[in-house]
Every structure is written in C-alpha cells, then in structure tokens.
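Visitor: I should like to learn how to read a protein model in an orderly way. Where might one begin?

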Amino acid sequence: MKKRILSLVSAFVMLFSLAAVSAGAVDIDCAGTDSVEKAAELQAITGSQVTFNGHVYKRVEDSMDWFAAKKYCEEQGGHLATITSAEENEIVTRLVKGGTKAQYWLGGTDEAKEGTWVWVTGEPWTFWGPKVTFNNFQNNEHYLQMERHHWGNTSKCGVWNDINYQNWIKGEESFFSTSNIGLILEFDINGSIWAQPELAQADALGLIPASLAGKDMTKPVTRAEFAAVSVKLYETLTGKTAPVVSTPFTDIKGNADIESIAKAYGLNIAVGISDTKFAPNNQITREELATMLCRVVKKYTFEDWSIATDNQYYLDTSGVKAYADDAYISAWAKPSVYYLTKMGIFKGVEDGTRFAPKAVTAAQQASGYATATREQAIALSKRVYDLSPVLEP
C-alpha cells in the first residue's frame, strides 16, 4: 500500500503544482477572445468548435432536416448559427471547411415571406455572405445552408445557399440529400471573461453536464450540479460510463441531475447530508467541493478506493499553516482542504488567513459566503483533465 500512496501523493503534487499556475490567472481578462486570431487558435485546440466574442460555434456532423436541426440546437441550450458580420462568417467558414459534410445548416429562413430572410434568434439581418444562387428553386427553398464545397469545387467553401428543409433535390441526390448535411450550433457562454476559453474547451471535451447547458455560469454551483460535474470528469478520464445505483435519498426525485447523483453515490464521490437527504439544491461549500474533487482523483487513480478504505490513502499536508477558521472546517474535509492548499489550488479568502469552508452565521448564509460558482467548478474540472496523464493508474 505504501508504494501506491506515494504514487498518489506524487501525482497530486504534479497536478496541483501545475494547476496553481492556471488558477492564479482566473481574474485576468483573457485578451484576444474578441479577435479572429484568438478564435482560430481555439479552433486548432478543440477541432470541431471555436469561441468568438462570448459565443461558441460547434460543428455537428449528424445529418437531419432543418427543423430537426433547429430543435436539436435548442435542446442543447443554443440555436442554429446566425451570422451578422464578416468576422463571424469567417469563423463559421473555418469550421465548415474542417468538416466532412457537403453542407451545414444555419439559422436563417424566409419561410414566412419569400425573399425576406430572418434569423431564428430574431437578430437583424445585417450581413450577407457569398451566395451561390438564391432562386427559390421549386418554390420551396426557404432555409439557409453554408456549403463546404459546391459539387466538388472547394474554392466555393463558405458560400451561402437556399434549399428546401430536407436538403434534397431529385436527380441531384449525390450532392443535395439529407445525409450530406450537418449543422452549426451556436450558444452563448454565460460566464466571466476569464472563464470563457476554459468553458468552451470543457464543453468540447464533454465535461459540462447537460443540466448546465445555457445556464449562467457565474451563479453558485449546487451540490447536485457539482455531483454532475464530478461524474462527467470521472467518466471522461476513465472512458467508462459510471453505473446508476439506487440511493437512499428521498429528496432528489425530479432533480435534473438525479442520475448523476446516483452515479456519484455509487462511485463514493458524493454522500448525503444525512442518511436519507442529499440536499441537491443547496449551494456546495468550498470544503465539500475540495473533498469531492479529491475523491474523483482517488477513484480514477485507484479503482478499488472507497470511502470505507479512505484511511489507507494518505495526502501529505505537512507544513501547512492552519487557517484562522480551522475550527469550522469539518474533520472529514481537512485532509483535502489542506492538501489542496499545500499544492496552491486554494489560497484562502480575504488576506489568505481564512479558508471559508462553509457559511456559519445567518449573515454568511444570506450573502453566499463560502460557495463556489459553476464556472469555477468546471474550470477546475478542466484543469484536472488536462493533467490526467500524471494521474494515469
């Protein structure tokens, strides 16, 4: 067991020593997120999606008609891409160029009145990209697409075309057919400027739970939401789907993250606040977040780890000065709190002398004291993922 403990400690040292460098930058304005150059850089990182001006544009290769594509995007918390500037058009063109389909749906239509094009979002139609021909062929071409090539002519990549909702023309099925078209999904990043690049990349990696899609990421993260974030991280790291187990919790029925709570419970990542209560809508405290994150890494590194055997796994907290509010840190949370502090991931609040593990007074509870935000939780999950080679079992 000693060898395995040392391996875990070594992994955590590397993880959080490196992560601390990123953590120190969270309050810095991410210069360049409003430029085409920055967007191109992010595209190179994530491949099928790019961030620009607080929006994410994602290329989806699944084939469907325009109405199904519109519904799909809305279910993802976004909409079919709308283009209102040359810069935005260039971003989407780059995404389309890297795809496999002949065309990709956009969020434009003139179905209400021929020749009067509108965006699905209601935005003003202020820009036109290069067009092939908008001829309303067969009087049913009312939906906008961007072509990756025009009958094999790649110099036409990025041209706009009107087509019927099925993208189908009899006799021209080798080019115009539903199986030949994908879509461009667009959604807003409802987060702070510093968090937007990491949120976009986390989404590309599949680290953001569906329950958080389109949500305001600056808001406090709940216990249920962080259970979902933790499970997403574990499943992405391991490449395995965690089993859904039965739980004793009587207060999670109807919660959007009920399945994730069951998974987190089965993995020993999350426990209830009592034998029968999980408190899914409670804001997660800093001490709870630290503990759950450590459990994810332990479970990933040592498959046979469990809460029952946790005392066999040692986290080195030597040399860490106790916080002034140490008495308020729960005993079960102290190893995680002080280990993450030693590694620089937590630096304390105010002047750094207090940890703020949880709200103790009524005033603290009312002010949201000692809580973490959704974007902080996801950014931390993303940084752990980035360093997963260090943690490989």
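Guide: One may begin with the whole chain and its contacts. This is a predicted model. Of the contacts in the protein chain with a separation of 6 or more, 72% join residues 24 or more positions apart. The protein chain has 12 helices and eight strands.

Visitor: What percentage of the residues in the protein chain is buried?

Guide: Buried residues account for 51% of the 393 residues. The protein chain exposes about 17,600 Å², and 51% of that area is supplied by carbon and sulfur atoms.

Visitor: How does one read a single residue in a loop? Which residues does D326 touch?

Guide: One first places the residue, then lists its contacts. D326 lies in the loop between α8 (286-301) and α9 (334-342). Not counting residues up to four places away in sequence, D326 touches K334 and Y338. The side chains of D326 and Y338 are joined by a polar contact of 2.6 Å. Separation in sequence and in space can also be set side by side: D326 and F355 are 29 residues apart in sequence, with 7.7 Å between their C-alpha atoms.

Visitor: How should a helix such as α9 be read, and which of its residues are buried?

Guide: An α-helix has 3.6 residues a turn, so residues three or four places apart point the same way. In α9, the buried residues are S336, V337, Y338, Y339, L340 and T341. Y338 is thus both a buried residue of α9 and the partner of D326 in the polar contact. After α9 comes G344, with a positive phi near 90°.

Visitor: How does one describe a pocket? Which residues are closest to the centre of the second largest pocket?

Guide: One gives its volume, then its lining. The second largest pocket holds about 550 Å³ of space. It is lined by 35 residues, of which D203, I208, P209, A210 and A213 are the closest to its centre. Elements giving two or more residues to this lining include β2 (55-60), α3 (66-75) and β8 (181-188), as well as the helices α5 (196-205), α6 (223-238) and α7 (258-266). By class, the lining comprises 19 nonpolar, six polar and 10 charged residues.

Visitor: And which element gives the largest share of the lining of the largest cavity?

Guide: That element is α6, with four residues. The largest cavity has a volume of about 30 Å³, and its lining consists of F226, V229, S230, L233, L293, V296, A377 and S381. At least two lining residues come from each of α6, α8 and α11 (374-386). Six of the lining residues are nonpolar and two are polar, with no charged residues.

Key
Residues are numbered from 1 along each chain as its sequence is written. This is a predicted model: local features need pLDDT of at least 70, side-chain atom pairs count only at pLDDT 80 or more; totals for chains, interfaces and linings use all residues. Side-chain values use heavy atoms; hydrogens and water are left out. Buried means under 20% relative accessible area, exposed over 50%, partly exposed in between (1.4 Å probe, protein chains only). Contact means heavy atoms within 4.5 Å. Accessible areas come from the Shrake-Rupley method with a 1.4 Å probe; for residues, only the protein chains shown count as cover. A polar contact is a pair of N or O atoms within 3.5 Å; within protein, one must be able to donate a hydrogen and the other to accept it, and residues adjacent in sequence count only if both atoms are side-chain atoms. On a 1 Å grid over the protein atoms alone, a cavity is a set of points where a 1.4 Å probe fits but cannot get out, and a pocket is an open set with protein on both sides within 12 Å along at least five of seven lines; lining residues have an atom within 4 Å of a point. Grid points are joined across faces, edges and corners, and a volume is the space filled by probe spheres set on the points. Ala, Val, Leu, Ile, Met, Phe, Trp, Tyr, Cys and Pro count as nonpolar, Asp, Glu, Lys and Arg as charged, and the others, Gly among them, as polar.
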